[in-house]
Amino acid sequence: MNHPRHLALAALLALCVHSEASAQSVGYSGRMGDKALLLIDGSPRTLAVGATAQGVKLVALQPDAAQVEVGGKRHWVNLGGMQANLGGAASAGSGTQIVLQAGPGGHFVTGGTINGHSTRFLVDTGASVVSIGQKEADNLGLKYRDGDRGMASTANGNVPVYRVMLSSVKVGDVQVYNVEALVMPASMEHILLGNSFLSRFQMKRENDRLTLDKRP
């Protein structure tokens, strides 16, 4: 049985999503054991990975996000995150502002897309470019082996990398084009959203909120 506090939190953190045909809202408020606490079109639901309710399937679960599938498309729904577009036509990416809320450990983690493919980002102002693990690059269908090879300095020493140009990187309703990236052999939990993306924005941090305003 869901605790009333869980339900109130779910309502507060719900991500409202609108499709052209009908409204589809999904919120992720936390987890109970191996199940996610979701709010689907105003109704609180507790789902295990692989379960479906009201046309929403829970695909994966992390402490700060849940991956859901709606209408055959997968999306990451952040705990207390920004609005997303689920179950409807894809956003044109014409927005100009990204607002992120810090998660566990004070890190800014968010869902987004690279070349139209869903993925997860960790904001890293110390990374000069967007950095992608080789396994995730393969999942995204990047033809990085056709890119220039080089070496990069990491905490574990110098490692071989591939330099690629991403056609598009999108977070929320904001999309930028021709973003430089490195594909690294190491396994990485998230893609590092480095300065080849962040430099396109003016950044402002207030406590646990990070605002990125797209430069003209």
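Select S168 to begin: this residue is buried, with a relative accessible area of 9%, where buried means under 20% relative accessible area, exposed over 50% and partly exposed in between, for a 1.4 Å probe and protein chains only. The model is a predicted one, in which local features need pLDDT of at least 70, side-chain atom pairs count only at pLDDT 80 or more, and totals for chains, interfaces and linings use all residues. Residues are numbered from 1 along each chain as its sequence is written, and side-chain values use heavy atoms, with hydrogens and water left out.

**Around S168**

S168 belongs to strand β13; strands (E, at least two residues) and helices (H or I, at least four) are DSSP runs, numbered from the N terminus. Display next the residues in contact with S168, that is, with heavy atoms within 4.5 Å. Beyond its neighbours within four places in sequence, these are T113, I114, N115, G116, Q175, V176 and Y177. The C-alpha atoms of S168 and T113 lie 8.0 Å apart, although 55 residues separate the two in sequence.

**The aromatic pairs**

Remain on β13 and select Y162 together with Y144. The structure holds two aromatic pairs; rings of Phe, Tyr and Trp (its six-membered ring) pair if their centres lie within 6.5 Å, and planes under 30 degrees apart count as stacked, over 60 as edge-to-face and the rest as tilted. Y144 and Y162 form an edge-to-face pair, at 5.3 Å centre to centre and 65 degrees between the planes. Y144 sits in the loop between α2 (134–139) and β12 (148–154), while Y162 is in strand β13 (residues 157–171), so the pair ties together parts that are 18 residues apart in sequence. Both Y144 and Y162 are buried.

Move on to F197 and F201, whose pair is tilted, with 5.0 Å centre to centre and 40 degrees between the planes. F197 counts as buried because its relative accessibility is 0%; F201, at 2%, also counts as buried.

**The open sheet**

Now select β4 to β7. These four strands form an open sheet in the order β4-β5-β6-β7, with antiparallel pairing; two strands pair if DSSP finds at least two bridges between them. The edges are β4 (52–53) and β7 (73–78), each with a single partner strand, so one side of each has no neighbour in the sheet. Strand β6 (residues 65–70) pairs with β7 in the antiparallel sense over six bridges. Within this pairing, label A66, which stands opposite V77 in β7.

**The whole chain**

Finally, show the full chain, with three helices and 17 strands. Of its 216 residues, 44% count as buried.
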